[in-house]
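Got the chain up on your screen? Let's walk through a few of its charged pairs, its ligand site and a couple of residues tucked inside.

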Amino acid sequence: MALLPFSEETFIDRYGPHLNYEPVGGWQVSGTPDRLVKTHCCFCGVQCGIQLKVRDEKVVGFEPWADFPVNQGKLCPKGVKRYLQNNHPDRLLAPLVRTHDGFRAAEWDEALTKVVDNIRRIQQTYGKDAFALLGGASLTNEKAYLMGKFARVGLGTANIDYNGRLCMVSAGAGNKMAFGIDRAANPWSDIPLAKCIIVTGSNVGECFPILTDYLWRARDNGAKLIVIDPRMTPIARTSDLFLPVRPGRDSALMNGILHVLVERDWIDHEFIAAHTVDFDKVREAVATYTPRHTAEITGVPAANIIKAAEVWGEAQTSMLLHARGIEHHTKGVENVLSCINLVLATGRIGRPGCGYGTITGQGNGQGGREHGQRCNQLPGGRDIENPRHRQEIATFWGIEEKDLPQKGLTAVELFDAINEGKIKGLLSISFNPMVSLPHAALTRSALEKLEFYAAIEPFMSETARHADVVLAGSLQEEDEGTVTNGEGRVIRLRRSVNPPANARVDWQIIVEIARRLGKGAFFPYARAEDMFSELSRASAGGPVDYAGITYERIEENKGVFWPCPNTKHPGTPRLFEGGKFMHPDGKARFHAIQYRPPAEDVDADYPIFMTSGRVVSQYLSGTQTRRIGPLVDQYPTPQVEIHPILAHKLGIKSGDTVHVESRRGELTLPALVVKTIRPDTIFIPYHWPGDRSANRVTNRALDPISKIPEFKVCAVRVSKSTVAPRVDVIASGARQSPSTNEIASSPEPVLSVAQRSRRAPRNDRSLPLLRRAIGHVTERRG
Ligand code: SF4
């Protein structure tokens, strides 16, 4: 039943993406607002403060929120255009029920009856675990908690996971293994105090733009910045030392830097002895990673490996920051642990200007992984396989421990189980796996095999197109709640407007399904705050302790950092002060890491590395940002970034159509010849669906611990294509009138295709610095 009812073009015509634009003259012309609502950006984990301007129950613009300490009024391109997702012509305004030739609007009773009947039918026929749930890391803490409880208590299924499985889980696992807690160690206000900063695998300037300001402030204070990445990203261009690592070799590089630190005795013996365990094993493990050997593995010149160790070793204070670039690997956890080894060995953690952090990608990348919507987790960051944790939560929820499901399948495994016929039904919320999972053909085949699929979404996503029922949910600005930013600061989202027409607040949909399943007594929530109050009590005494956090305290303090075990506790901006870690003995753990190659390395048949990532104007699977005209204009369609040396070898020029093929699939896109990438690697941004999806070719191989897929490295072959550049189906599908799913009116005119096509794509971003850095690599590679 999950086969698509009609073509992509028809979907786009009816449900978008269409492009929403600001009024002629800019958003300021929309008049005096009825109110300004202090809330937060709906996109990345920086969670910038913003004031949404509301007029006639529509978000019509924004004002800076200068008092909010994280961004002090600053916003990135996505932040200043985020208001255009509201009052959008594509907004789903009522539940949609699948018919033989498409979807029709339905009443809530009909749609929810269909959902509940199918949950019951599938669970009675195939067992409880045959119905699965998928959540998201853009959900509030309250919804993340609700999803976990709904799965275990409402449905009794083990199979719930979330899209953070594609994002934060390697970092989370590494943090827990090393520190006994999964949270960034420092408030970002520590960054400007550091004298050396390593940024590895993080395109900070495009993915977390406002965080760039903290790095620049550090540089203004005299810090040296070292950036490690296969691409010379914008932040790399301002670095003191750029290490263009060969894709998939990150742990080897960290071992190599630590080797030099050990050799020069730039390690903190006192700290290691007092506060850590197992350094000897690490010292032994890095002994063979001489600069020469490390250079052979990583492609980074030996002199620059030594230089990195010198800069880090001689600094009095230092921070190491990383993101998905080192985490999206089959050894993502090992990469994270190799970074932590460097920080611990030099004792640079737990004091001002000294620390470590993983930068969360999604708006609630931190909180979304704390409250129980992961397959292996219970509220308060508890472990679903730990008997004591199970008993604590079973007692708190008022159920028998034996009735609490065991660990379920992770997101990618869950799709494999659908393909194998083990899972028959699915309910998803804020997750678009058709775009975001690797090996898109397998994802599509899984969706087509489901007996029943329901999606809760504010817009028709590429995945929701496969649904039997689409439940019109809420946008971030249409609900109350909390999120936890990349520092560990719990902040308030405030409702700016109500959901339009017959759309509903997400969590109320879940609660109503639970009620119809006869489980309403377990979900007695009238307000989001009721859920927050319950989740904070549930977290008490757990690894993630929110017990002392209330809406009032968040309001008063512009955020409260967890752990916060009681209402008198001030919160904990900086972890590990005094060298006190969260393992039972108070000590951090070193982990000896031996480099191993990626699951798929280059060879004679597929000789080029492919890596994927984001561009500044788009966000994740693009369900929101591919509908915002000015953001699409900045980067209208994915392009294959390719170095001039490789391009010359293949006879490719910027604008040519190139064919990229891996063992799993292929795609054809325009080339963008840039000097900002290694000559052995191409880069494709992943925000687009269908035949423009980078995930047609990416590798589904998983990290054995975190179960994150290896998005950041696979092997491809590239050739110039004779096929004419593809017409942008999304842009050409844009129209000047609202869709058939139209809302009353939009103040935003939609530009014509001709107007939009006059806007130039991003240009070549070459820099002399990269020429120097990568030139060396080229010479070495002959
Ligand atoms: Fe939004 Fe992140 Fe940009 Fe801030 S940096 S405005 S949170 S996308």
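What follows is a short tour by topic.

## The model and its salt bridges

First things first: this is a predicted model. Salt bridges are a good place to start, since side chains of opposite charge can pair when their charged atoms come close. In this structure the count comes to 51 salt bridges.

Take R35 and E57 to begin with. Their side chains form a salt bridge, with N to O at 2.8 Å. R35 belongs to strand β1 (residues 35–40), while E57 is in the loop between β2 (49–55) and β3 (58–64), so this pair ties together parts 22 residues apart in sequence. Buried or exposed, where does R35 fall? R35 is partly exposed, at a relative accessible area of 33%. E57 is partly exposed as well, with a value of 39%.

## Pairs across longer stretches of sequence

Now look at D416 and R700, a salt bridge whose closest N and O atoms are 3.2 Å apart. This one links distant parts of the chain: D416 is in helix α16 (residues 411–419) and R700 in strand β28 (residues 699–702), with the two positions 284 residues apart in sequence. D416 is partly exposed, its relative accessible area being 28%, whereas R700 is buried at 10%. The cut-off for buried is under 20%, so R700 makes it and D416 does not.

K720 and D656 are another pair to click on, with their side chains meeting in a salt bridge at 3.5 Å, N to O. K720 sits in strand β30 (residues 714–720) and D656 in the loop between α23 (644–650) and β25 (657–661), so the bridge ties together parts 64 residues apart in sequence. K720 has 42% relative accessibility and counts as partly exposed, but D656, at 14%, counts as buried.

Charged side chains can also join up in a group. Which residues are linked with D109 in a network of salt bridges? The partners in that network are E512, R515 and R516.

## Around the ligand

Where does the ligand sit? You'll find the ligand in the second largest cavity. The residues around the ligand include C41, C44, C48 and C76, along with F43, Q47 and L75. K78, G79, P209 and I210 are also part of that shell.

How does the shell break down by class? It has eight nonpolar residues, two polar ones and one charged one.

## Two buried residues

T294 is in helix α11 (residues 291–298), and at 0% relative accessibility T294 counts as buried. Leaving out residues up to four places away in sequence, T294 touches A252, L253, G256, Y289, G299 and I305. If you want a sense of scale, the C-alpha atoms of T294 and V435 are separated by 35 Å, and these two are 141 residues apart along the chain.

F711 lies in the loop between β29 (709–710) and β30. With 5% relative accessibility, F711 counts as buried. Which residues does F711 touch, not counting those up to four places away in sequence? They are L166, H328, S436, L437, P438, S612, N695 and T698. As for R348, it is 363 residues from F711 along the chain, and their C-alpha atoms are separated by 30 Å.

Key. Residues are numbered from 1 along each chain as its sequence is written. This is a predicted model: local features need pLDDT of at least 70, side-chain atom pairs count only at pLDDT 80 or more; totals for chains, interfaces and linings use all residues. Side-chain values use heavy atoms; hydrogens and water are left out. A salt bridge is a side-chain nitrogen of Lys or Arg within 4 Å of a carboxyl oxygen of Asp or Glu. Helices (H or I, at least four residues) and strands (E, at least two) are DSSP runs, numbered from the N terminus. Buried means under 20% relative accessible area, exposed over 50%, partly exposed in between (1.4 Å probe, protein chains only). Contact means heavy atoms within 4.5 Å. A residue is near a molecule or strand if one of its heavy atoms lies within 4 Å of it. On a 1 Å grid over the protein atoms alone, a cavity is a set of points where a 1.4 Å probe fits but cannot get out, and a pocket is an open set with protein on both sides within 12 Å along at least five of seven lines; lining residues have an atom within 4 Å of a point. A molecule sits in a cavity or pocket if more than half of its atoms lie within 2 Å of its grid points. Ala, Val, Leu, Ile, Met, Phe, Trp, Tyr, Cys and Pro count as nonpolar, Asp, Glu, Lys and Arg as charged, and the others, Gly among them, as polar.
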